[in-house]
Every structure is written in C-alpha cells, then in structure tokens.
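Student: Could we go through some labels in this structure and ask what stands behind each one?
Tutor: Happily; let's take them one by one.

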Amino acid sequence: MGTTGRLELLLGQFDKARDMAQVRLTGIADEEFLWEPVPGCWSLRRRGEALTPRAFGPGEWVMDLGAADIPASEYGEVARQAASGMSVEKIAVDWSVSVERVEEVLAHKGEPEPDPTHVTTIAWRLGHLHFQFAGGWEWAFGERRRDPKLMVDFTPSASLAVERFWADVDRWRESVADVTDEQLDTVGFSQYPYGSDPDDAFVDVLGGSNLEFIHHMAEIAVLRDLWRARAE
C-alpha cells in the first residue's frame, strides 16, 4: 500500500471512531461527568483540593496525576512501550522515574493487582485526551513550545468541556489531512515532549494517536453505561 493509502486508512479509522465517540458523549451532564465509581478516583478538582501530588492545569481546575512511579496496573503499558521499540531511557522520561525502576517493571513476573487509584472519572479521561490532542497539534503543526499540560483550561462543565474538546480534535484532524508523503515518513515530525514521538515516523505517531483516542473513548463509554446502571 502506498503512502497516500496509509493516510487515507488512518483518517478513515479516526473518522469512524470520532463519529461513534460523538454519539457516546451526547447528553452528558455535569454530575455524570464528575461521577466517581469508586473512592479515590482520579478526576478534575479545584486547585488546592487535588488528591494527587502532580495534578496539573493552567486554571482553577486541575487534573489528577499521581506520584512519580509506575503503578502495578500500568505494568502492561510499560511492556507495550518496550515492545514497540521505545527505549528504557525514553520510558523512564515518560513516567518520570529512573531507568532502574523501568527495568524492575519489565522484569516483573506474574499478574499485578489492579491499582484502584487509577480508576478515573469521565472528566479525567476526556481531559487526558484533550491535552494530548491540543499538545499533539502544537508539537507537530504549531510553534512547538507550549507545555501540553498547560494548554487546556479544565472545567467541571461537561457541555463546555465537550465543546472545547471537539474544537481541538477537529483542528488536529484538519491538519493531519494535509500531511504530505514526506512528512508521514519523517522521524521527529512531531516533537511532542511526553512519549516517543521525536523518535518515531509521523505515520506511527498517527497510528498511536488513533489507538489512544479509541481506547479512552471506549473507557468513557463503559463509564456512561455504569452510570446509567447505577441510576436505574
């Protein structure tokens, strides 16, 4: 398949996922948006009220982020990163831990117990996707200078958050549609500072972005289903 075919395939996958996601986000209310299905969820909280030590955001509301470690529930993600060719050093930077800690995780045997602190609200999942799309655009098509974690003014308003989210998603989609064959194959076309983008061809970055979008939207869909079941 030629380069143009690859881009068309990725755009088609993204567009289908976006259509499905828009249906699943329709009608979400503030209470559901911030609903915590278990105690200790990661969520959006007012600055000064965050439960996690590395919560971030530029405004009144910040998004939870835990201590600089790799929790047991994320061992599989670290293994996936390593299997995809990401270096141990790069993984360490991505998780803000030492190389030795990454090596410990990769050497882990057996199935770890899930970490309940990593259950999240819909607000957290959407915010996570939002700053990644906003930052992804900035570091591929923009000025490549702003910290992605400071680019989204998080809000507890579900309708406002969804509106702002789709605006940045659609900007990303519009720019991706104009990517050239040469840019698709350029290593480091995206310099996104969290992850392996600077070491990857842009076509691989786009594939990873699609997967990130799909799996987080699937998690949001499950949370919406659980909310409805709880309310009945």
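**Labels and their reasons**

Tutor: Let's begin with the rings: Phe14, Phe133, Phe141, Phe165, Trp166, Trp172, Phe189, Phe202 and Phe213 make up one aromatic cluster. Keep in mind that this is a predicted model.

Student: How many aromatic pairs are there by this rule?
Tutor: The count comes to 17 aromatic pairs. One of them joins Phe14 and Phe133.

Student: Why is the pair of Phe14 and Phe133 called edge-to-face?
Tutor: Their ring centres are 6.1 Å apart and the planes make 70 degrees. Centres within 6.5 Å make a pair, and planes over 60 degrees apart count as edge-to-face, so both conditions are met.

Student: What does the pair of Phe14 and Phe133 tie together?
Tutor: Phe14 belongs to helix H1 (residues 3–25) and Phe133 to helix H6 (residues 122–140), so the pair links parts that are 119 residues apart in sequence. Both Phe14 and Phe133 are buried, too.

Student: Why does Ser175 count as buried?
Tutor: Its relative accessibility is 18%, and buried means under 20%, so Ser175 qualifies. Ser175 lies in helix H7 (residues 158–176). Leaving aside residues up to four places away in sequence, Ser175 touches Trp137 and Phe141.

Student: Why are H4 and H5 called roughly perpendicular?
Tutor: The axes of helix H4 (residues 88–95) and helix H5 (residues 99–106) cross at roughly 105 degrees and come within 8 Å. The label covers 65 to 115 degrees, so H4 and H5 are roughly perpendicular to each other.

Student: Which residues of H4 and H5 meet?
Tutor: From H4 there are Val88, Glu89, Ile91 and Ala92, which meet Val99, Val102, Glu103 and Leu106 of H5. By class, that contact of H4 with H5 has 6 nonpolar, no polar and 2 charged residues.

Student: And what makes H3 and H5 roughly perpendicular to each other?
Tutor: The axes of helix H3 (residues 75–83) and H5 cross at roughly 100 degrees, coming within 9 Å. That angle falls in the range of 65 to 115 degrees, so H3 and H5 earn the label. Here Tyr75, Val78, Ala79 and Ala82 of H3 meet Arg101, Val102, Val105 and Leu106 of H5. The contact of H3 with H5 divides into 7 nonpolar, no polar and 1 charged.

Student: How do you know that Lys149 sits over the ring of Phe56?
Tutor: The charged end of Lys149 is 5.2 Å from the centre of the Phe56 ring, against a distance limit of 6 Å. Lys149 also lies over the face of Tyr194, at 4.6 Å from the ring centre.

Methods
Residues are numbered from 1 along each chain as its sequence is written. This is a predicted model: local features need pLDDT of at least 70, side-chain atom pairs count only at pLDDT 80 or more; totals for chains, interfaces and linings use all residues. Side-chain values use heavy atoms; hydrogens and water are left out. Axes are lines fitted to C-alpha atoms, for helices over the stretch in contact, and angles run from 0 to 180 degrees between N-to-C directions. Helices (H or I, at least four residues) and strands (E, at least two) are DSSP runs, numbered from the N terminus. Angles under 35 degrees count as roughly parallel, over 145 as roughly antiparallel, 65 to 115 as roughly perpendicular and the rest as oblique. Contact means heavy atoms within 4.5 Å. Ala, Val, Leu, Ile, Met, Phe, Trp, Tyr, Cys and Pro count as nonpolar, Asp, Glu, Lys and Arg as charged, and the others, Gly among them, as polar. Rings of Phe, Tyr and Trp (its six-membered ring) pair if their centres lie within 6.5 Å; planes under 30 degrees apart count as stacked, over 60 as edge-to-face and the rest as tilted. Buried means under 20% relative accessible area, exposed over 50%, partly exposed in between (1.4 Å probe, protein chains only). A charge sits over a ring if NZ of Lys or CZ of Arg is within 6 Å of the ring centre and within 35 degrees of the ring normal.
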